[in-house]
Amino acid sequence: MNQKAGIVIDEWKMPIFERRLKQAGYAFENAGLLTAGTLVLLVDTTNLVALGEVVKAANTEAAQTGALP
């Protein structure tokens, strides 16, 4: 069953999440700002657990970059 998941990220993490989601084959849209500096991504998925692993990997990569604004 296809589901839509919402992911809220810091705006500076967008390039990392975009690359990771595309590499994993996910269709997603940037739904815009939730609050200043945070974005909402809407992701189509049939497997929330697998998507969770992609999100975890993207967050880990972002933490290692130290690219805070």
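In what sense do β2 and strand β3 pair, and over how many bridges? In this predicted model, β2 and β3 (residues 38–45) pair in the antiparallel sense over six bridges, and the views below begin with the sheet to which these strands belong.

**View 1. The open sheet of three strands, in the order β1-β3-β2.** The pairing within this sheet is antiparallel, and its edge strands, each of which pairs on one side only, are β1 (3–10) and β2 (28–35). Averaged over neighbouring strands and with direction ignored, the turn of one strand against the next is 30°. Helix α2, which spans residues 48–65, packs on the sheet and touches β1 and β3, with a direction that makes about 15° with that of β1. Strand β3 is mostly covered, since six of its eight residues are buried.

**View 2. Bridges that join β3 to β1 and to β2.** Strands β1 and β3 run antiparallel and are joined by eight bridges, whereas β2 and β3 are paired over six. On the β1 side, Ala5 stands opposite Val43 of β3. On the β2 side, Glu29 stands opposite Leu42 in β3, Asn30 has Leu41 as its bridge partner, and Thr35 is partnered by Thr38. As general background to such a view, the side chains of a regular strand alternate between the two faces of the sheet.

**View 3. The hairpin of β2 and β3, with two residues between the strands.** Ala36 is found in the loop between β2 and β3, and Gly37 lies in the loop between these strands as well. Ala36 has a relative accessible area of 77%, and therefore counts as exposed, while Gly37, at 30% relative accessibility, counts as partly exposed. Within the hairpin, Gly37 takes a positive phi near 90°. When residues up to four places away in sequence are not counted, Gly37 touches Ile9, Asp10 and Glu11; the C-alpha atoms of Gly37 and Glu11 are separated by 5.2 Å, although these residues are 26 places apart along the chain. Ala36 and Gln23, by contrast, are 13 residues apart in sequence and 27 Å apart in space, C-alpha to C-alpha.

**View 4. Buried and exposed residues of helix α1 (residues 14–23).** Met14, Ile16, Phe17 and Leu21 are buried in this helix. These four cover an arc of only 160° around the axis, and so they lie on the same side of α1. In general, an α-helix has 3.6 residues a turn, so residues three or four places apart point the same way. Pro15, Lys22 and Gln23 are exposed on the other side of α1. The cover over the buried residues of α1 includes β1, β2, β3 and α2. After α1 comes Gly25, whose phi is positive, near 85°.

**View 5. The largest nonpolar core, with 16 residues.** Which of its residues touch the most other members? They are Ile7, Ile9, Phe17, Leu21, Leu41 and Leu51. Two or more residues of this core come from each of β1, α1, β3 and α2, and α2 gives the most, with five residues. As a general tendency in soluble globular proteins, nonpolar side chains are buried together. Leu41, taken here as an example, touches Ala5, Gly6, Ile7, Ile9, Met14, Phe17, Leu21, Glu29 and Asn30, when residues up to four places away in sequence are not counted. Among these contacts of Leu41 is Asn30, which is also its bridge partner.

**View 6. Glu61 of helix α2 and its surroundings.** Is Glu61 buried or exposed? Its relative accessibility is 17%, and because residues under 20% are classed as buried, Glu61 counts as buried. The side chains of Glu61 and Arg20 are joined by a polar contact of 2.8 Å. Leaving aside residues up to four places away in sequence, Glu61 touches Ile16, Arg19 and Arg20. One of these, Ile16, is among the buried residues of α1.

Definitions and conventions
Residues numbered from 1 in each chain as written. Predicted model: local features only at pLDDT ≥ 70, side-chain atom pairs only at ≥ 80, totals over all residues. Heavy atoms only, no water. Pairing = 2+ DSSP bridges. Axes fitted to C-alpha atoms, helices over the stretch in contact; angles between N-to-C directions. Contact = heavy atoms within 4.5 Å. Buried < 20%, exposed > 50% of the residue type's maximum accessible area, 1.4 Å probe, protein only. Arc of directions from axis to C-beta. Core = buried A, V, L, I, M, F, W, Y, C linked by side-chain atoms within 4.5 Å. Polar contact = N/O pair within 3.5 Å; in protein donor to acceptor, adjacent residues only side chain to side chain.
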